[in-house]
Amino acid sequence: ELVFQKFRLHLDLRQDLLETGEEKLSEYNHWRDGYWGMYENSGRGANNLGKILMWVRNFFDYPLDFYTE
């Protein structure tokens, strides 16, 4: 819900997210957080933040004026 609200309220960030198109989004980290991201060297991890961002991107895959009128 919080990630969704961030992109609902900040049109510039939403546009940046939409400009990623269909690209797979991954949060790589070196501190071995395999829940929200993926390990930098091995690429292993659940990547839940990336999955949430892709879900939000798919939700907002409409013209920006659809949500701002």
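This report describes the fold of one protein chain and then looks at several of its residues in turn.

## The chain as a whole

The structure is a predicted model, and every value below was computed from it. The chain contains 4 helices and 2 strands, and when it is read along the sequence these elements follow the pattern α-α-β-β-α-α. Of its 69 residues, 28% count as buried. The accessible surface of the chain comes to about 5,200 Å², and carbon and sulfur atoms hold 54% of that area. Among the contacts with a separation of 6 or more, 43% join residues that stand 24 or more positions apart.

## Helix α3 and its buried side

Helix α3 covers residues 48-59. With its 12 residues, α3 reaches 17 Å from its first C-alpha to its last, which is close to the 16 Å expected at 1.5 Å a residue. The buried residues of this helix are N48, G50, L53, M54, V56 and R57, and they pack against two other helices, namely α1 (2-9) and α2 (11-18).

One of these buried residues, R57, carries a charged side chain, and it is worth asking which side chain of opposite charge is nearest to R57, and how far away that side chain lies. The nearest one is E22, at 5.1 Å, and R57 has no salt bridge although it is buried. A salt bridge requires a side-chain nitrogen of Lys or Arg within 4 Å of a carboxyl oxygen of Asp or Glu, so the distance of 5.1 Å to E22 does not meet the cut-off. Leaving aside residues up to four places away in sequence, R57 touches L17, L18, T20, G21, E22, E23 and L25.

The residue that follows R57 in the numbering, N58, also belongs to helix α3. N58 counts as partly exposed because its relative accessibility is 46%, a value that falls between the limits of 20% for buried and 50% for exposed. N58 and G21 are 37 residues apart in sequence, yet their C-alpha atoms are 9.2 Å apart in space.

## Two residues with a positive phi

Most residues other than glycine have a negative phi. Against that background, R32 has a phi near 60 degrees, a positive value in a residue other than glycine, and N47 likewise has a positive phi, near 55 degrees.

Are these two residues buried or exposed? R32, which is found in the loop between β1 and β2, is exposed because its relative accessible area is 58%. N47, which is found in the loop between β2 and α3, is buried because its relative accessible area is 3%. The contacts of N47, not counting residues up to four places away in sequence, are with K24, L25, S26, E27, G34, Y35, W36, G37 and M38.

## Other loop residues and a surface patch

W36, one of the residues that N47 touches, has its place in the loop between β1 (28-29) and β2 (38-39). With a relative accessibility of 42%, W36 counts as partly exposed. Together with Y35 and I52, W36 forms a nonpolar patch on the surface, and the three residues have about 320 Å² of accessible area together.

G43 lies in the loop between β2 and α3, and its relative accessibility of 27% makes it partly exposed. Not counting residues up to four places away in sequence, G43 touches Y28 and M38.

E19 sits in the loop between α2 and β1, and E19 is exposed because its relative accessible area is 57%.

## Pairs separated along the chain

The table sets out four pairs of residues, with their separation in sequence and the distance between their C-alpha atoms.

| Pair | Separation in sequence | C-alpha to C-alpha distance |
|---|---|---|
| E19 and D61 | 42 residues | 9.9 Å |
| N58 and G21 | 37 residues | 9.2 Å |
| G43 and E27 | 16 residues | 9.8 Å |
| N47 and G34 | 13 residues | 6.8 Å |

One of these pairs, N47 and G34, also appears among the contacts of N47 described above.

Key. Residues are numbered from 1 along each chain as its sequence is written. This is a predicted model: local features need pLDDT of at least 70, side-chain atom pairs count only at pLDDT 80 or more; totals for chains, interfaces and linings use all residues. Side-chain values use heavy atoms; hydrogens and water are left out. Buried means under 20% relative accessible area, exposed over 50%, partly exposed in between (1.4 Å probe, protein chains only). Lys and Arg count as positive and Asp and Glu as negative; His and the chain ends are not counted. Contact means heavy atoms within 4.5 Å. The expected span of a helix is 1.5 Å times one less than its number of residues. Patches are made of residues with over 30% relative accessible area and no salt bridge: like charges are joined within 9 Å, nonpolar side chains (Val, Leu, Ile, Met, Phe, Trp, Tyr) within 5 Å. Accessible areas come from the Shrake-Rupley method with a 1.4 Å probe; for residues, only the protein chains shown count as cover.
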